[in-house]
Amino acid sequence: MVSEKDFIQNNYTISVEGGNFEWSAPSNIALVKYWGKKDNQIPANPSISFTLNNCKTITKMAFTKKENNGHFSFDLLFEGQPKEDFKPKIQKFFERIFDYCPYLKDFHFTIDTQNTFPHSSGIASSASGMAALAMNIMSMEKLLNPTISEDYFNKKASFLARLGSGSACRSVKGSVVVWGNHTEIPESSDLFGVEFPSTIHENFRNYQDTILLVDKGEKQVSSTVGHDLMFGHPFAEQRFSQAHHNLSAIKNVLERGDVEQFIKIVESEALTLHAMMMTSMPYFILMKPNTLEIINKIWKFRSETQTPVCFTLDAGANVHVLYPENVKEQVLQFIKNELIGYCQNGQYICDEIGKGAVNRN
Ligand code: PMV
């Protein structure tokens, strides 16, 4: 089994003066949710997600040799402009991964990042952002130690991304990724995401995710605060074991192509995530009235037309509408006719299952 020690290496043999890389990494949407963590971003339960295709972060990283004075040195640009408010997050990320990337203090970095989705869309960029940065760092590591394998490269990138933002570890690969130890997923790990090992039934290939932007404001509860709410939560243990059970069930569903069962698990997971927030102390309601309106409309449309469309939510008010590619036309028409009115400024983003991070050099 791969352990944390496997990601500590000292054989950086090649001397490098500088370089630059560019990677894109997508966002992901969890089907079985990660909510609650232990120290060092170890998840309290396993999770599984669809990697997305269109919502992504593109990050350029340039680096030049500097004297190692015991400090990190970097400039952070967002869409080409200096962005001081993002720097503490990167500083913290570098501190967290330093034991595994001891070369970070030997270089000055210029990190230039941009998202394909609107900045104030309420779509978290931490998963795609941390994954894109981790890929760049691994490209640099490969320059210093060309012997590393592709498998090690990807696993360590996911491991580093996890230390930046838990769910980011599921954004390195596609199209379906499991993070967290689970008895039925060989090689699954709390340390990094692994590709779903079985063949996915064709019903789930090219699955669509249309993201309805209900509330584009800042998150009411940061995910750090959110995960902490699971400490001492009265239903925590039940929830963690339910996630293991739901992952077994969804594994079977993805293999067999059972869309009906998929809908039940995915919607129940979304509502359970929100139920955990509503029953914690302090308690939160992250849905908005329009979130509920949309959910009810989806249920009505599904029962009237038998179209296999369902919803999921992350820790906010936006709704992810999930459906197979072969009903795309009907569902988009339904969204336009009946759901857009509940979105802020009528905004929504069309996405679908994707393949993971891409090297743009
Ligand atoms: O990766 P974080 O710490 O932002 O947490 C993400 C939590 C959820 O999006 C609510 C669920 C998940 O598994 O992605």
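# Exercises on a predicted model

An open sheet in this structure has 4 strands in the order S11-S12-S10-S13, and the pairing is antiparallel. Its edge strands are S11 (310–313) and S13, each of which pairs on one side only. Keep in mind as you work that this is a predicted model.

## Exercise 1: The sheet and its helices

**Task.** Describe the twist of this sheet, and find which helices pack on it.

**Solution.**
- Step 1. Start with the twist: from one strand to the next, it averages 25 degrees.
- Step 2. Look at helix H6, which packs on the sheet and touches S11 and strand S12 (319–323). The direction of H6 makes about 30 degrees with that of S11.
- Step 3. Now turn to helix H7, which packs on the sheet and touches S10, S11 and S12. Here the direction makes about 155 degrees with that of S11.

## Exercise 2: A closer look at S13

**Task.** How many bridges join S10 to S13, and which residues of S13 belong to its covered face?

**Solution.**
- Step 1. Strand S10 covers residues 208–212, and 5 bridges join it to S13; the two run antiparallel.
- Step 2. Find some partners across these strands. Ile211 has Ile349 in S13 as its bridge partner, and Gln208 has Glu352.
- Step 3. Recall a rule: side chains in a regular strand alternate between the two faces of the sheet.
- Step 4. Apply this to S13. Its covered face holds Ile349 and Asp351, while Tyr348, Cys350 and Glu352 make up the uncovered face.

## Exercise 3: Is Phe78 buried or exposed?

**Task.** Decide whether Phe78 is buried or exposed, and list its contacts.

**Solution.**
- Step 1. Locate the residue: Phe78 is in strand S5, which spans residues 73–78.
- Step 2. Check the accessibility. Phe78 counts as buried because its relative accessibility is 10%, and the cut-off for buried is under 20%.
- Step 3. Leave aside the neighbours within four places in sequence; Phe78 is then in contact with Lys83, Phe86, Asp112, Thr113, Gln114, Asn115 and His119.
- Step 4. Compare sequence with space for one other residue. Leu133 is 55 residues from Phe78 in sequence, and their C-alpha atoms are 13 Å apart.

## Exercise 4: Classify an aromatic pair

**Task.** Classify the pair formed by the rings of Phe72 and Phe94, and say which parts it ties together.

**Solution.**
- Step 1. Recall what you need: the distance of the centres and the angle of the planes describe a pair of aromatic rings.
- Step 2. The structure holds 23 aromatic pairs. In the pair of Phe72 and Phe94, the centres are 5.4 Å apart and the planes stand at 65 degrees, so the pair is edge-to-face. The cut-off for that class is over 60 degrees.
- Step 3. Place both residues. Phe72 lies in the loop between strand S4 (47–65) and S5, and Phe94 in helix H1 (residues 87–97), so the pair ties together parts 22 residues apart in sequence.
- Step 4. Add the surroundings: Phe72 and Phe94 are both buried. They belong to one aromatic cluster with Phe21, Phe63, Phe74, Phe93, Phe98, Phe107 and Phe109.
- Step 5. Look for charges over these rings. Lys105 lies over the face of Phe72, 5.0 Å from the ring centre. The charged end of Lys87 sits over the ring of Phe74, at 5.2 Å from its centre.

## Exercise 5: Spot the backbone features

**Task.** Where are the cis peptide bonds from Gly174 to Ser175 and from Met281 to Pro282, and what is the phi of Glu187 and of Asn345?

**Solution.**
- Step 1. The bond from Gly174 to Ser175 is cis, with omega near -10 degrees. Ser175 is in the loop between helix H3 (150–164) and strand S8 (176–179).
- Step 2. The bond from Met281 to Pro282 is cis, with omega near 0 degrees. Pro282 is in the loop between helix H6 (259–278) and helix H7 (289–305).
- Step 3. Glu187 is not a glycine, yet its phi is positive, near 65 degrees. This residue is in the loop between S8 and strand S9 (193–195), and Glu187 counts as exposed because its relative accessibility is 64%.
- Step 4. Asn345 has a positive phi of about 50 degrees, and it is not a glycine either. Asn345 lies in the loop between helix H8 (328–339) and strand S13 (348–352); at 66% relative accessibility, Asn345 counts as exposed.

## Exercise 6: Two domains

**Task.** How many residues does each domain bring to the contact?

**Solution.**
- Step 1. Read the bounds: the domain assignment gives domain 1 (4–199) and domain 2 (208–352).
- Step 2. Their C-alpha centres lie 26 Å apart.
- Step 3. The contact takes 36 residues from domain 1 and 42 residues from domain 2.

Definitions and conventions
Residues are numbered from 1 along each chain as its sequence is written. This is a predicted model: local features need pLDDT of at least 70, side-chain atom pairs count only at pLDDT 80 or more; totals for chains, interfaces and linings use all residues. Side-chain values use heavy atoms; hydrogens and water are left out. Buried means under 20% relative accessible area, exposed over 50%, partly exposed in between (1.4 Å probe, protein chains only). Two strands pair if DSSP finds at least two bridges between them. Axes are lines fitted to C-alpha atoms, for helices over the stretch in contact, and angles run from 0 to 180 degrees between N-to-C directions. Contact means heavy atoms within 4.5 Å. Rings of Phe, Tyr and Trp (its six-membered ring) pair if their centres lie within 6.5 Å; planes under 30 degrees apart count as stacked, over 60 as edge-to-face and the rest as tilted. A charge sits over a ring if NZ of Lys or CZ of Arg is within 6 Å of the ring centre and within 35 degrees of the ring normal. Domain bounds come from an automatic or database domain assignment.
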